[in-house]
Amino acid sequence: MKTNCNPVRSTQRTSIAHKMITLFCERRLALSCALVLVFLAGYAVTAKAQTTSTWTGGGADDDWSTSGNWNTAPSSPGALIFAGTTKLSNNNDLSGFTASSITFDAAAGAFVLGGNTITLSGNLGFNGNPAAPVTQTVNLAMDWTASETINTPTNGDLALGGDITSGNDVFKTG
């Protein structure tokens, strides 16, 4: 039986049936609002903010786990930006890392990324056209969990040397 929560008003506003329907609708609305608030509160608690980490190469070694090599230590899932010209050959020693994107700065030197397998759930490419030709090399294995767009501008080349696992589409721009 469907109850209309906006019943037609009659001249007998004080009827027992009308009061019961009004009370039912008010409580159903309150319950619905409470359930929505509980859902939103749970979502806010479980949603993890994505970090963006930019490689600076300022650490004691060339490992990704060394916080001095990044402006912000990478956490999974996170966006990775490779910039600068320090420690261009670096090593992903993080286990089970998920990158939401890998971006090479247009002014960066020629990086060679190696090490542990990563999961890539976003795009791979450059944030602009380098002033001079440069090749960025990704030698680590990648598991692509989404369709990937690979951006290679006029002066930017990407060399993918690691195994790639994907059941998704790959698009090239630039």
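The following exchange introduces a predicted model of a protein through questions and answers.

Reader: How many strands does the secondary structure of the protein come to?
Author: Read along the sequence, the pattern opens with α and continues with β elements. The protein has one helix, and its strands come to 13.

Reader: What is the mean pLDDT of the protein?
Author: Over residues 31-47 pLDDT stays under 50, and the model has zero contacts beyond four places in sequence for them. Residues 2-13 also stay under 50, with 10 contacts beyond four places in sequence. In the protein, 72% of residues reach 70 or more, and the mean pLDDT is 83.

Reader: What percentage of the residues in the protein is buried?
Author: The accessible surface of the protein comes to about 10100 Å², and carbon and sulfur atoms account for 57% of that surface. Burial is counted by residue, and a residue is buried if its relative accessible area is under 20%. Of the 174 residues in the protein, the buried share is 32%.

Reader: In what order do the strands of the open sheet with parallel pairing stand?
Author: The open sheet has four strands, and their pairing is parallel. Its edge strands, each pairing on one side only, are β3 (89-92) and β11 (156-160). From one strand to the next, the twist averages 20°. The order is β3-β5-β8-β11.

Reader: Which residue in β5 is the bridge partner of asparagine 90?
Author: Strands β3 and β5 run parallel and are joined by four bridges. For asparagine 90, the bridge partner in β5 is leucine 113.

Reader: Which residue in β8 is the bridge partner of valine 112?
Author: The pairing of β5 with β8 is parallel and has two bridges. In β8, valine 112 has as its bridge partner threonine 137.

Reader: Is threonine 137 buried or exposed?
Author: Threonine 137 lies in strand β8. Leaving aside neighbours within four places in sequence, its contacts are Phe111, Val112, Leu113 and Ala159. The relative accessibility of threonine 137 is 17%, and the limit for burial is under 20%, so this residue counts as buried.

Reader: Which residue in β11 is the bridge partner of valine 138?
Author: Strand β8 (residues 134-138) pairs with β11 in the parallel sense, over five bridges. The bridge partner of valine 138 in β11 is leucine 160.

Reader: What separation do the C-alpha atoms of glycine 115 and asparagine 90 have?
Author: Glycine 115 is in strand β5 (residues 112-115), and at 41% relative accessibility this residue counts as partly exposed. Not counting residues up to four places away in sequence, glycine 115 touches Asn91, Asn92 and Leu140. Glycine 115 and asparagine 90 are 25 residues apart along the chain, and their C-alpha atoms are separated by 8.0 Å.

Reader: What is the angle between the planes of tryptophan 55 and phenylalanine 82?
Author: A pair of aromatic rings is described by the distance of the centres and the angle of the planes. For tryptophan 55 and phenylalanine 82 the centres are 6.2 Å apart, and the pair is tilted, with an angle between the planes of 35°.

Reader: How many residues apart are tryptophan 55 and phenylalanine 82?
Author: Both partners are buried, since tryptophan 55 has 1% relative accessibility and phenylalanine 82 has 0%. Tryptophan 55 is in strand β1 (residues 51-55) and phenylalanine 82 in strand β2 (residues 78-82), and the pair links distant parts of the chain. Ring pairs also place these two in a cluster, which links Trp55, Trp64, Trp70, Phe82, Phe97, Phe104, Phe111 and Phe126. Along the chain, the separation of tryptophan 55 and phenylalanine 82 is 27 residues.

Reader: What is the omega of the peptide bond from serine 76 to proline 77?
Author: Most residues other than glycine have a negative phi, and most peptide bonds are trans. Proline 77 is in the loop between β1 and β2. The bond from serine 76 to proline 77 is cis, with omega near -5°.

Reader: What phi does lysine 87 have?
Author: Lysine 87 lies in the loop between β2 and β3, and at 27% relative accessibility this residue counts as partly exposed. Although lysine 87 is not a glycine, its phi is positive, at about 50°.

Methods
Residues numbered from 1 in each chain as written. Predicted model: local features only at pLDDT ≥ 70, side-chain atom pairs only at ≥ 80, totals over all residues. Heavy atoms only, no water. Pairing = 2+ DSSP bridges. Axes fitted to C-alpha atoms, helices over the stretch in contact; angles between N-to-C directions. Buried < 20%, exposed > 50% of the residue type's maximum accessible area, 1.4 Å probe, protein only. Areas by Shrake-Rupley, 256 points an atom, 1.4 Å probe, with all protein chains shown as cover. Contact = heavy atoms within 4.5 Å. pLDDT = per-residue confidence, 0-100. Phe/Tyr/Trp six-rings, centres within 6.5 Å; stacked < 30°, edge-to-face > 60°.
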